[in-house]
Amino acid sequence: MKINDSNIKKTIKYLNNDECVAIPTETVYGLAANAYSKNAVSKIFKLKKRPRSNPLIVHYHNINQLKKDCELNSVFRRLYKKFCPGAISFVLKLKKTSKISKIVTNNSNLVAVRFPSHHLTRKILKEIDYPLAAPSANISSSISPVSKQDVIDEFGNKIKFVLEGGSSKVGLESTIINLVGKPNILRLGGIDSKTIYKFIKSSKNNQKKEVNVKMPGSRKLHYSPGIPMRLNVKKNNYDEAFILIKKRKKKNKNYFYLSKTKNLKEAAKNLYKTLRKIKKNRYKKIAVEKIPNVQIGEAINDRLLRASKNEKFN
Ligand code: TXA
Ligand code: MG
């Protein structure tokens, strides 16, 4: 894809003017605004219909930008070196001098931060002198967007601009790890939990005390009816869209392949796109083949389980 500098300039202009714009990341598209501006971030909550009690992730270009806002510890530095930029977010302590709007963190002294790897968004983050608060660019409770068209389907002309950045490579949100006290994963995501825990274990770690950090967005709130979903299904009923991960001999119009070869990364990339397609095709029921609960399959199963229980996405 060609880098279109005029679109980057346009995005930056909107952001400088305290507007919200949608930006591509490797995980999902984000609805971004200046994290230092109360006026700008208020618009995110309004547009997403997101409760103010649910804090936002703040996006940076690199560790140097982050230093102004957060207390950094040694585990963070090691994880940063290993996995960033990439599909991982960290919960850290805010510095008292941080300029991040209190609305972003819901008045907490902790903040979730991340360094996305998408080349266009990195260009923007490098250029501006503030970080970007950016939740997934969907209305609360809906499916996260993985393309420009998905964002347009969510918001129509309610947002000023969507920066085209192709389809998101990972296709699932970032893994969130709490680094206040003993590291613990709060949300499964793009980088699998085993790889992260293994890496932490293999490096010296003096943080033993557990600090219970809650993830407000994972509360089991029931939301407006999605589509009923059965998991670990071997054979679908005639009226069910059937989500598959391995090619079947027979052809069937109800079959929706995440992958034809059990490739879990490919499956993750296709998950939200497929759910959207099934919804657009007006299916009333979904069945899903068993997805191996390893590597990124863990995060796929986490999202499917939430969807099947009608839990809240955000
Ligand atoms: O991949 C991603 O992380 C995407 C892209 C756009 O960066 N963003 C994303 O944001 O998924 P969002 O807002 O849809 O989900 C962020 C989750 C929410 O469930 C929120 O409750 C949790 O992160 N969160 C944010 N700040 C937190 C904090 N200080 N402590 C614990 N959880 C936090
Ligand atoms: Mg979200």
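Where is the place of P85? Select P85 and you will find it in the loop between α4 and β5 (88-94). Before you go further, keep in mind that this is a predicted model.

**Stop 1: two backbone spots**

Stay on P85 and add C84 to the selection. The peptide bond from C84 to P85 is cis, with omega near 0°. Now jump to N107, which sits in the loop between α5 (102-105) and β6. N107 is not a glycine, yet its phi is positive, at about 65°.

**Stop 2: helix α4 and its neighbour α8**

Next, select helix α4, residues 74-83, together with helix α8, residues 193-202. Their axes come within 11 Å and cross at roughly 130°. With that angle, α4 and α8 are therefore oblique to each other, and the crossing in which α4 passes α8 is right-handed. Show the side chains at the contact: on the α4 side pick V75, R78, L79, K82 and F83, and on the α8 side T195, I196, F199 and I200. Coloured by class, this contact has 6 nonpolar, 1 polar and 2 charged residues.

**Stop 3: a pair of rings**

How many aromatic pairs does the count come to? There are 10 aromatic pairs, and one of them starts from the helix you have just selected. Display F76 and F115: their ring centres are 6.3 Å apart and their planes stand at 40°, so the pair is tilted. F76 belongs to α4, while F115 lies in the loop between β6 (110-114) and α6 (119-127), so the pair ties together parts that are 39 residues apart in sequence.

**Stop 4: helix α1 against α6**

From F115, move on to α6 and add helix α1, residues 5-16. The axes of α1 and α6 come within 10 Å and cross at roughly 50°. That makes α1 oblique to α6, and this crossing is right-handed. To see what touches what, select D5, I8, T11, I12 and L15 in α1, which meet L120, K123, I124 and E127 in α6. The contact of α1 with α6 divides by class into 5 nonpolar, 1 polar and 3 charged residues.

**Stop 5: the open sheet**

Now hide the helices and bring up strands β10 to β13. What is the order of the 4 strands in the open sheet? Reading across, you should see β10-β13-β11-β12, with parallel pairing. The edges are β10 (229-230) and β12 (255-257); each has a single partner strand, so one side of each is left without a neighbour in the sheet.

Strands of a sheet pair through backbone hydrogen bonds, so backbone atoms are a good thing to display here. Start with β11 (residues 240-244) and β13 (residues 285-288), which pair in the parallel sense over 4 bridges. Label E240 and you will find it opposite K285 in β13. Then turn to β10 and β13, whose parallel pairing runs over 2 bridges. Here M229 is the residue to label, as it stands opposite I286 in β13.

**Stop 6: helices α9 and α10**

For the last stop, bring the helices back and select α9 (residues 264-280) with α10 (residues 297-308). Two packed helices are described by the angle between their axes and the distance between the axes. Here the angle is about 30° and the axes are 9 Å apart. Helices α9 and α10 are therefore roughly parallel to each other, and their crossing is left-handed.

Which residues of α9 meet α10? Show L264, A267, A268, L271 and Y272 in α9, then G297, I300, R303 and L304 on the α10 side. The residues of this contact divide into 7 nonpolar, 1 polar and 1 charged.

Technical notes: Residues are numbered from 1 along each chain as its sequence is written. Chains are lettered from A and ligands numbered from 1 in the order in which they are written. This is a predicted model: local features need pLDDT of at least 70, side-chain atom pairs count only at pLDDT 80 or more; totals for chains, interfaces and linings use all residues. Side-chain values use heavy atoms; hydrogens and water are left out. Two strands pair if DSSP finds at least two bridges between them. Axes are lines fitted to C-alpha atoms, for helices over the stretch in contact, and angles run from 0 to 180 degrees between N-to-C directions. Angles under 35 degrees count as roughly parallel, over 145 as roughly antiparallel, 65 to 115 as roughly perpendicular and the rest as oblique. A crossing is left-handed if the near helix is turned anticlockwise from the far one by less than a right angle, and right-handed if clockwise. Contact means heavy atoms within 4.5 Å. Ala, Val, Leu, Ile, Met, Phe, Trp, Tyr, Cys and Pro count as nonpolar, Asp, Glu, Lys and Arg as charged, and the others, Gly among them, as polar. Rings of Phe, Tyr and Trp (its six-membered ring) pair if their centres lie within 6.5 Å; planes under 30 degrees apart count as stacked, over 60 as edge-to-face and the rest as tilted.
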